[in-house]
Amino acid sequence: MASLLQSYLDAFAARNADALSALFADAALYELPLLGQRLVGRREIKAGLARAFALAERCAFEVSGVQSAGEATIAEGRLTAKLHRDQAPVAIPAAIVLQVRDGAIHRLSTYLDARPHRLWSDGPVFAATR
């Protein structure tokens, strides 16, 4: 299971939607709040991540702790991203919950402390003060 998490983290950092979608089961659930919706199934996951990666110069999860039990793994750390439209990168505290069945990711949910951010396509909630 740890190897699937590492494969996910590597493919996410490479912004490789093809490699990411190949890690998931056919009817898997993918949740990343900044995308604005849940993605269901390998095809939808691939399309949604490709769209998100097109908006980012770089993005990665920096994991500081991992715990596994049975089919579930929980990782904590930060999501870092630099979007094309923004001058400065962001670093958001994050947790990932990964459920594996039959050697494939069945569910991956990401929890973010993203209060100051909307969808990647919308921009920050609060205007920067000058």
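From the N terminus on, the elements of this protein follow the order α-α-β-β-α-β-β-β-β. The model is a predicted one, and the exercises below walk through it piece by piece.

**Exercise 1. Overall make-up**

Describe the secondary structure of the protein, the share of buried residues and the share of long-range contacts.

Solution.
- Step 1: Start with the elements, which come to 3 helices and 6 strands.
- Step 2: Turn to burial. The protein has 130 residues, of which 42% count as buried.
- Step 3: Look at contacts with a separation of 6 or more. Residues 24 or more positions apart account for 47% of them.

**Exercise 2. The nonpolar core**

Find which residues of the largest nonpolar core touch the most other members, and which element gives the most to this core.

Solution.
- Step 1: The largest nonpolar core holds 37 residues, and those touching the most other members are Tyr8, Phe12, Phe24, Tyr30 and Phe61.
- Step 2: At least two core residues come from each of helix H1 (2–13), helix H2 (17–22), strand E1 (24–31), helix H3 (42–54), E3, E4, E5 and strand E6 (104–112).
- Step 3: Among these elements, H1 gives the most, with 6 residues.
- Step 4: Take Phe61 as a case to inspect. Leaving out residues up to four places away in sequence, Phe61 touches Tyr8, Leu9, Phe12, Leu32, Arg78, Leu79, Ala94, Ile96 and Thr110.

**Exercise 3. The cavity**

Work out how many cavities of 30 Å³ or more a search of the whole structure finds, and characterise the lining of the largest cavity.

Solution.
- Step 1: The search finds 1 such cavity, and about 40 Å³ of space lies in the largest cavity.
- Step 2: List the lining of the largest cavity: Phe61, Glu62, Val63, Ala75, Glu76, Gly77, Arg78, Ala94, Ala95 and Ile96.
- Step 3: Assign the lining to elements. Two or more residues each come from strand E3 (56–69), strand E4 (72–83) and strand E5 (90–101).
- Step 4: E4 gives the most to this lining, with 4 residues.
- Step 5: Sort the lining by class, which gives 6 nonpolar, 1 polar and 3 charged residues.
- Step 6: Link back to the core: Phe61 is among the lining residues, and Phe61 is also one of the core residues that touch the most other members.

**Exercise 4. Lys82**

Decide whether Lys82 counts as buried or exposed, and say what its side chain reaches.

Solution.
- Step 1: Place the residue: Lys82 sits in strand E4.
- Step 2: Apply the cut-off. Lys82 counts as buried because its relative accessibility is 8%, and buried means under 20%.
- Step 3: Follow the side chain of Lys82, which reaches the backbone oxygen of Asp86 at 2.3 Å.
- Step 4: Complete the surroundings. Neighbours within four places in sequence aside, Lys82 is in contact with Ala56, Glu57, Arg58, Gln87, Ala88 and Pro89.

**Exercise 5. The loop between H1 and H2**

Examine Arg15 and Asn16: what is the phi of Arg15, and what does the side chain of Asn16 lie 2.9 Å from?

Solution.
- Step 1: Arg15 is found in the loop between H1 and H2, and Asn16 lies in that loop too.
- Step 2: Read the backbone angle. Phi of Arg15 is near 55°, a positive value in a residue other than glycine.
- Step 3: Check exposure. Arg15 is partly exposed at 33% relative accessibility, and Asn16 is partly exposed at 32%.
- Step 4: A polar atom of the Asn16 side chain lies 2.9 Å from the backbone nitrogen of Ala19.
- Step 5: Beyond residues up to four places away in sequence, Asn16 touches Ala11 and Phe53.
- Step 6: Compare chain and space. Asn16 and Ala50 are 34 residues apart along the chain, while 7.6 Å separates their C-alpha atoms.

**Exercise 6. Asp102 and Glu44**

Classify Asp102 and Glu44 as buried, partly exposed or exposed.

Solution.
- Step 1: Asp102 is found in the loop between E5 and E6, and it has a positive phi of about 50° although it is not a glycine.
- Step 2: Asp102 counts as exposed because its relative accessibility is 85%, and exposed means over 50%.
- Step 3: Glu44 belongs to helix H3, and at 35% relative accessibility Glu44 counts as partly exposed.
- Step 4: Glu44 touches Gln37, Arg38 and Leu39, again not counting residues up to four places away in sequence.
- Step 5: From C-alpha to C-alpha, Glu44 and Tyr30 are 9.2 Å apart, with their positions 14 residues apart in sequence numbering.

Technical notes. Residues numbered from 1 in each chain as written. Predicted model: local features only at pLDDT ≥ 70, side-chain atom pairs only at ≥ 80, totals over all residues. Heavy atoms only, no water. 1 Å grid on protein atoms, 1.4 Å probe; cavity = no way out; pocket = protein on both sides within 12 Å on 5 of 7 lines; lining within 4 Å. Points joined across faces, edges and corners; volume = space filled by probe spheres on them. Nonpolar A, V, L, I, M, F, W, Y, C, P; charged D, E, K, R; others polar. Buried < 20%, exposed > 50% of the residue type's maximum accessible area, 1.4 Å probe, protein only. Polar contact = N/O pair within 3.5 Å; in protein donor to acceptor, adjacent residues only side chain to side chain. Contact = heavy atoms within 4.5 Å. Core = buried A, V, L, I, M, F, W, Y, C linked by side-chain atoms within 4.5 Å.
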